[in-house]
Amino acid sequence: MELLSALSLNELALSFSRVPLFPVFDVSNFIVSILYLKYEPGAVELSRRSPVASWLCAMLYCFGSLILADVLLGDAPIEFFSNNASVLLASAVWYLIFFCPFNLFYKCVSFLPVKLIFVAMKEVGRVRKIAVGIHHAHHHYHHGWFIMIIIGWVKGSGVALMSNFEQLLRGVWKPETNEILQMTFPTKASLYGAILFTLQETRWLPVSKATLIFLCSLFMVSAKVFLTATHSHASPFDTMENFICPVLFGSPSPGDQHHDDHGSSHELHGAPAFHGSQQPAKSKEELNEGSRKRKSKKAE
Amino acid sequence: MELLSALSLNELALSFSRVPLFPVFDVSNFIVSILYLKYEPGAVELSRRSPVASWLCAMLYCFGSLILADVLLGDAPIEFFSNNASVLLASAVWYLIFFCPFNLFYKCVSFLPVKLIFVAMKEVGRVRKIAVGIHHAHHHYHHGWFIMIIIGWVKGSGVALMSNFEQLLRGVWKPETNEILQMTFPTKASLYGAILFTLQETRWLPVSKATLIFLCSLFMVSAKVFLTATHSHASPFDTMENFICPVLFGSPSPGDQHHDDHGSSHELHGAPAFHGSQQPAKSKEELNEGSRKRKSKKAE
Amino acid sequence: MELLSALSLNELALSFSRVPLFPVFDVSNFIVSILYLKYEPGAVELSRRSPVASWLCAMLYCFGSLILADVLLGDAPIEFFSNNASVLLASAVWYLIFFCPFNLFYKCVSFLPVKLIFVAMKEVGRVRKIAVGIHHAHHHYHHGWFIMIIIGWVKGSGVALMSNFEQLLRGVWKPETNEILQMTFPTKASLYGAILFTLQETRWLPVSKATLIFLCSLFMVSAKVFLTATHSHASPFDTMENFICPVLFGSPSPGDQHHDDHGSSHELHGAPAFHGSQQPAKSKEELNEGSRKRKSKKAE
């Protein structure tokens, strides 16, 4: 009888939501994040030419969500650097992934079965970060629905939302796209998760926080592990969005797109310098787009 | 006798300065701001492809001045989002302007006589925001003359001062120009207004704040309505500036400009990637410039 | 006997560390900083076309380190503007350097022997700013080693670390490089100095702060005056770095570089618009790079 109650969903969720993140889950997060920094083109050369810039990028990949949330809430953006243990751990992971002799550490952690475990643990951490972020925002702004959603979103998406500026640090500048224009699965999931947790925090969703953490973690872990294992780019939300978006926001007609490419309105649009080279390079760019998406999907 | 005193300028100004902004003037501000977001090339397609990005842009257009002032004063940039009523109102206006069936709402509010009323009300709000901003800055920094002027300027100009980053959110990047390099009329008027209000706040201008608000509003409303109605690009300050600037700052000699286009100093200047395509596209760019100016003049 | 003790290193260092910076050293800092703003291509035309943008750039050159440190510590970025005396002084220097009749002031202060004196005084101020910054950060975060180093670094390097955004204000955009990717001597020296002062502040370096200030100032003044006088681009740290970096971080193999230029990974890398024009302009760009380095080396 006692055993059964201990196994009940509520108890399981409660004990799951109390597992501390610090050493193990955080290290998994650092490993996966910095792994995807290394996948970025030019990142390895950068680490040789300018270790300081590479280290700063690694820190942004690991702590981007904390920095952005601190900025938005008006706190000091380097506040998290006061947590020496985490920063040292992340620096050690960065050093091992980029400079370990014979690339040994990199080869171990990027071996797919090992990587999938780390990816799963990173997603557990992501859900927990969303919940903590919304609780924190709720503490500051009791009725700030929008603030809670935004902080939760930022906490979940992390560096992706400031990828333009992270790339600038590495000398790369791609203004024609950003994470908000073309949301990847983790960013979308963070947004939807933030809405759910905000509803829970303000008592509109009649479910305990522990249960919600447990269910969201289950969904994120299974979805992300599946996507990573199959190298798939599909998003589990596509069906839902294809159903709701046209009703709410209308659909982009192909005629609009066509008009945009050749119409006169386009010439007023941006610097001609960009257009001249964008049009012949279209097919290349599209390729580019696909690979970027895959990359950043991986990176989350 | 009583009637006469009630009609006196002071009383009129005082009661004018006490009219609450919230529902009516704020909605006019949202309507005009989001109308000019819709005029931006690519904004309609963006709202179909990525409603989240479009909504964020709309919020920047509506609350840009508050965000920028909060950032400069070290407060939380998302503080204003805690004002649920305003955000919901602005979101409703955004939804109606972009997604109303048959474009009905857009057609109504962009009908010139209707639009002129909204433009007039927006200018009333602008003057009030400058006054409030300077009062707030004065409260924090009693002798911070420069801070008062800057905060007043930012509160009046709003999103224009961060247009580069607002465009980046929409995937557009025009680094060769910004609002400070080529100030439009509302930005200039906000700067001059901020100087006047700072002089008033520090008791150098022997006039009551209510009177100053009244006079500035009169000037701004008449100038902006006239400019909008005639689609004119002239600035009422041109005569004054053409008189003062050459005395204080010298004048740009045409030879300098010529040298800048072909001289060797230019090759050291920017990324050659930009120049190669900028020079043949000069005439297009100039056209571009003109239309941008008109656009952003409208946008204020 | 008394004379001898007064001449002892400790006493000398102590009295040196107590010399107030405000009028004389600060003015030297303003003069040298704005001098290097004037060296930037296009800065003179900018001051004619848009005095407001030029003045804002000058303020960033003079107070960039304070602004950036305030931003990182979560304080108001315009806090320093409340110091009216400094801002007025810097504005006067800006006006004299850019608009003095017959360019008289500029010719005086850019005369090499005079300039060397100002450069020396600027370096004294730089070391003091690093020490003050680290003391301030230590006060906020007692065990925040990383925070102390970062704040000290930012205080020493100043506008260089945000040169991308300072350039954007002038309508120039060079995303392919930044100060962290290609550190100039003052930025590197500030980083190493920040590490030394952090070790001193946390009692790992058994030396008094006054002595450390004195020794660092001596090194910086002599190195910077020598580099400025000889127009040299060499960095005194090169030998040390060439010894340590290959051990710690491996060395960039020339093959990597080659691969990066022609390999397929590059095409996935950035916007094709940039590449098309970057490759033919390579030799120009390299020239560009060199002159930029010299410029920003001077600018510090």
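The axis of a helix is a line fitted to its C-alpha atoms over the stretch in contact, and the angle between two axes runs from 0 to 180 degrees between N-to-C directions. This definition will serve at the first stop of the tour. The model on display is predicted.

**First stop: two helices of chain B.** Select residues 51-72 of chain B, which form helix α5, together with residues 145-157 of chain B, which form helix α9. Their axes come within 7 Å and cross at roughly 155°. Because angles over 145 degrees count as roughly antiparallel, α5(B) and α9(B) are described as roughly antiparallel to each other. The crossing of α5(B) past α9(B) is right-handed.

Next, display the side chains where these helices meet. On α5(B), the contact involves B:Ser65, B:Leu66, B:Leu68, B:Ala69 and B:Leu72. On α9(B), the residues to select are B:Ile150, B:Ile151, B:Val154 and B:Lys155.

**Second stop: chain A as a whole.** Select chain A and colour it by secondary structure: there are 17 helices and 0 strands. Of the 300 residues in chain A, 56% are buried. If a surface is displayed, the exposed area of chain A is about 13400 Å², with 69% of it supplied by carbon and sulfur atoms. Among contacts in chain A between residues at least 6 apart in sequence, 75% link residues at least 24 apart.

**Third stop: a loop residue of chain A.** Select A:Thr177, located in the loop between α10 (163-169) and α11 (185-201) of chain A. Is A:Thr177 buried or exposed? With a relative accessible area of 6%, A:Thr177 is buried, since buried means under 20%. Finally, add A:Gln182 to the selection: its side chain makes a polar contact with the side chain of A:Thr177, at 2.8 Å.

Key:
Residues are numbered from 1 along each chain as its sequence is written. Chains are lettered from A and ligands numbered from 1 in the order in which they are written. This is a predicted model: local features need pLDDT of at least 70, side-chain atom pairs count only at pLDDT 80 or more; totals for chains, interfaces and linings use all residues. Side-chain values use heavy atoms; hydrogens and water are left out. Helices (H or I, at least four residues) and strands (E, at least two) are DSSP runs, numbered from the N terminus. Buried means under 20% relative accessible area, exposed over 50%, partly exposed in between (1.4 Å probe, protein chains only). Contact means heavy atoms within 4.5 Å. Accessible areas come from the Shrake-Rupley method with a 1.4 Å probe; for residues, only the protein chains shown count as cover. A polar contact is a pair of N or O atoms within 3.5 Å; within protein, one must be able to donate a hydrogen and the other to accept it, and residues adjacent in sequence count only if both atoms are side-chain atoms. Angles under 35 degrees count as roughly parallel, over 145 as roughly antiparallel, 65 to 115 as roughly perpendicular and the rest as oblique. A crossing is left-handed if the near helix is turned anticlockwise from the far one by less than a right angle, and right-handed if clockwise.
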